[in-house]
Amino acid sequence: MPKVRISMSCPETQLNLGGIVLIKGNDFEEIPDLPEVQQAIDNGYLEVLEEKKEEKKQETTEGAEVLVFAEQRNNKISRVVLELLGKARELAEKLNVKTTAILLTDKSNNLSKELISYGADKVYIAESPLLKNYQTDLYTKVISEHIKETKPQIVLYGATHIGRDLAPRLAQRLNTGLTADCTGLDITEENLLLQTRPAFGGNLMAQILCQKHKPQMSTVRPGVMKMQDKDEDRKGEIIKLNPDISEKDMTTRIIDIIKETKKKVNLEEAEIIVSGGRGLGKKENFKLIEDLAKLLNAEIGSSRAAVDSGWVEKDHQVGQTGKTVRPKLYLCAGISGAIQHKAGMQSSDTIIAINKDPDAPIFQVADFCIVEDLFKVLPEMIESLKEGS
Amino acid sequence: MNIIVCIKQVPDTNEVKIDPKTGTLKREGVPTIMNPDDKHALIEAVKIKKKTKAQITVLSMGPPQAEEALREALALGADQAILLCDRAFAGSDTWATANAIGGAIKTIGNYDLLLFGRQAIDGDTAQVGPQVAELLNIPQITYAQKIETEKNKVKVERQMEDGYEIIESNIPCLITCISEINETEYPTLKGIRQAYKKEVKVWSADQAKVDKSKIGLLNSPTSVKKSFTPPAKGQGQTLKGSIKDIAKEIIDLLKERELTGGF
């Protein structure tokens, strides 16, 4: 039944259409679709209310999902997974498919909710006491079977100690490609995954495709992708898997898990990093970096040279063989900026570099260059920060 | 015990330089080295050999000059060396490389322990080790910082982000080693002399009995679409003035950016 009203161009103030009387000036009314009504519409005496088409959100197609491996340790989702979900969502929207996550654990608690709030449309859970801790053989079995069954087109893994053990094993079992440590992921016009990764210590960037094999798989280092905001209201589906595993599938045994008691260096999540290198000259001088870091509430970073000289522990090392960081501020002193180092810090929001050599390569990536002796600048900064507090 | 150590000859990336005019990589004259993590794997194998009288075979894939890296391995204590060298291998990605290495290992046969470096400094993928383990259908333990061999068993400390796990596995088993596993060593004069008495076998794809439909550029699942030098960041601002002025300016910059964490 159309909704109509008398149009402004109608000469009459009221119309009788098959017994139904319409009065000019009234709002749209629903009336039966009589021949008289149709004629009045054709004459231009009636206006028809166009049914407002509901802006319907385009339904995503089923299958060919973008899957994220939801690494958990001690029933805590690794941060990189949340970073990957944001990226996966962006890729899935371009492909018009669902973002999904696969979680292997002994008890799933509220972890699936967390995955949904960071972007998953669907969470597959494989729950078993055998899956409490990561084991190469069991995890490979469960995930490869899931991939064979649901045929995702893209699978993303964090380049963690677990992800880098698992992903290549899966790639070989599934006979597909795997690109390590991607710094950029996008979709091409042909709907393929365009994977960008550094080569030769960041000297060169390579764009890699996996054209004929599925799924297309990548690992991404923690801290490389930006985490999206959490949305507690997001809805998603939770699907329980029935993992077909038993003790017989275990080829290795975890005898013990040892947590190291020393303070965890969390460079990847730091907002401010103060970093020192060879220019500090000796171990005692590294205290300048530590003091400044303390005053700024920053984490301590270092170049490989400082680690190799034994001035600072290896877990402080930033760069190709250390950590990739992207803090809001990276302040470094006495670091010349070898390509390996730059590869690990050049996407920091703001970079301040102090080095007395004006040609030091670090200045190529610095936003603020201080061509001065660090032994003058750092103590001065430390002094004025102390005064200011 | 028979140990196969897989090594790669890599450009010494510390020496890689960019041509400032063209922005491209200068490859000429860049020295090559045995990949550092692989060297640690080899040194570990030699330590195991001293305890168990193991036989060590080193295996590499690469151009003819990769023989240098194998000679160094022999000088460090390996017993025999094999180089997979064939144009058919060229351009292999990690999947195809694993097929080549894994195929050759099957041909060598009779192995108890396969030792790899965690990753190579020219690619940093850390993939070939686990891929070979899958191909051979044997257990893998990556990121090893300590290896203890027992009869038919290994006990390995596997480094994690916040500590380590102690993992036990039956042999045969594949282990990838990190630099923390041991101190680096240099060949002795005696070792170097002996290395030149030993033979480096060079195997083609056919001699290694490798499935040729699974190796090389064209059979690799991944392909490089293009490579480019990362865009250079515009020249930053140079802060000038007295040391006091500069220090003040930096602190003001931090305040402006609300990075006032501790002050």
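The paragraphs below lead through a predicted model, beginning with the contact between its two chains and ending with some backbone details.

The interface of chain B and chain A is described first by its extent: 77 residues of chain B are in contact with 77 residues of chain A. The area buried between chain B and chain A comes to about 7200 Å², and carbon and sulfur atoms give 56% of that area. Across this interface there are eight salt bridges by the rule used here, and 29 residue pairs, both at pLDDT 80 or more, are found in polar contact. On the side of chain B that touches chain A, the elements that give two or more residues are helix 3 (94-108), helix 4 (128-136), strand 9 (140-150), strand 10 (153-160), strand 11 (163-170), strand 14 (222-228), strand 15 (237-238) and helix 6 (243-256) of chain B. Sorted by class, that side of chain B has 33 nonpolar, 27 polar and 17 charged residues.

Particular residues give this interface some detail. One salt bridge brings together the side chains of Asp162(B) and Lys259(A), with 3.7 Å from N to O. Another salt bridge is formed by Lys244(B) with Glu380(A), whose closest N and O atoms are 3.5 Å apart; this pair crosses between chains, from helix 6 of chain B, which holds Lys244(B), to helix 9 (residues 374-388) of chain A, which holds Glu380(A). A search of the whole structure, over all chains, finds 35 salt bridges. The two chains are also joined through strands, since DSSP bridges count as pairing when there are at least two between two strands: strand 23 (residues 368-370) of chain A and strand 15 of chain B run parallel and are joined by two bridges. Within this pairing, Cys369(A) has Thr238(B) as its bridge partner in strand 15 of chain B.

Inside chain A, seven strands form an open sheet with parallel pairing, and their order is 12-16-11-6-9-10-17. At the edges stand strand 12 (178-179) and strand 17 (237-241) of chain A, each of which pairs on one side only. Strand 17 of chain A is joined by five bridges to strand 10 (residues 122-127) of chain A, the two running parallel, and in this pairing Val123(A) stands opposite Ile238(A) of strand 17. Strand 6 of chain A, for its part, is joined to strand 9 (residues 97-105) of chain A by five bridges, again running parallel, and Phe69(A) stands opposite Ile102(A) in strand 9. Three bridges join strand 6 of chain A to strand 11 (residues 154-158) of chain A, which also run parallel; here Leu67(A) stands opposite Val155(A) in strand 11. In a regular strand, side chains alternate between the two faces of the sheet.

Phe69(A) also leads from the sheet to the aromatic pairs, of which the structure holds three over all chains. A pair of aromatic rings is described by the distance of the centres and the angle of the planes. For the pair of Phe69(A) and Tyr139(A), the distance is 6.3 Å centre to centre and the angle between the planes is 80°, which makes the pair edge-to-face. Because Phe69(A) lies in strand 6 (residues 61-69) of chain A whereas Tyr139(A) lies in helix 4 (residues 136-150) of chain A, the pair ties together parts that are 70 residues apart in sequence.

The backbone remains to be considered. Most residues other than glycine have a negative phi, and most peptide bonds are trans. Against that background, the peptide bond from Lys214(A) to Pro215(A) is cis, its omega being near -5°, and Pro215(A) lies in the loop between strand 15 (204-210) and strand 16 (216-220) of chain A. In chain B, Ile171(B) and Pro172(B) are likewise joined by a cis peptide bond, with omega about 5°, and Pro172(B) is found in the loop between strand 11 and strand 12 (173-177) of chain B. Asn175(A), although not a glycine, has a positive phi of about 50°, and its place is in the loop between helix 5 (163-174) and strand 12 of chain A, the latter being one of the edge strands of the seven-stranded sheet.

Methods. Residues numbered from 1 in each chain as written. Chains lettered and ligands numbered in written order. Heavy atoms only, no water. Contact = heavy atoms within 4.5 Å. Buried area = accessible area lost by both parts, 1.4 Å probe. Salt bridge = Lys/Arg side-chain N within 4 Å of Asp/Glu carboxyl O. Polar contact = N/O pair within 3.5 Å; in protein donor to acceptor, adjacent residues only side chain to side chain. Helix = DSSP H or I, 4+ residues; strand = E, 2+ residues; numbered from the N terminus. Nonpolar A, V, L, I, M, F, W, Y, C, P; charged D, E, K, R; others polar. Phe/Tyr/Trp six-rings, centres within 6.5 Å; stacked < 30°, edge-to-face > 60°.
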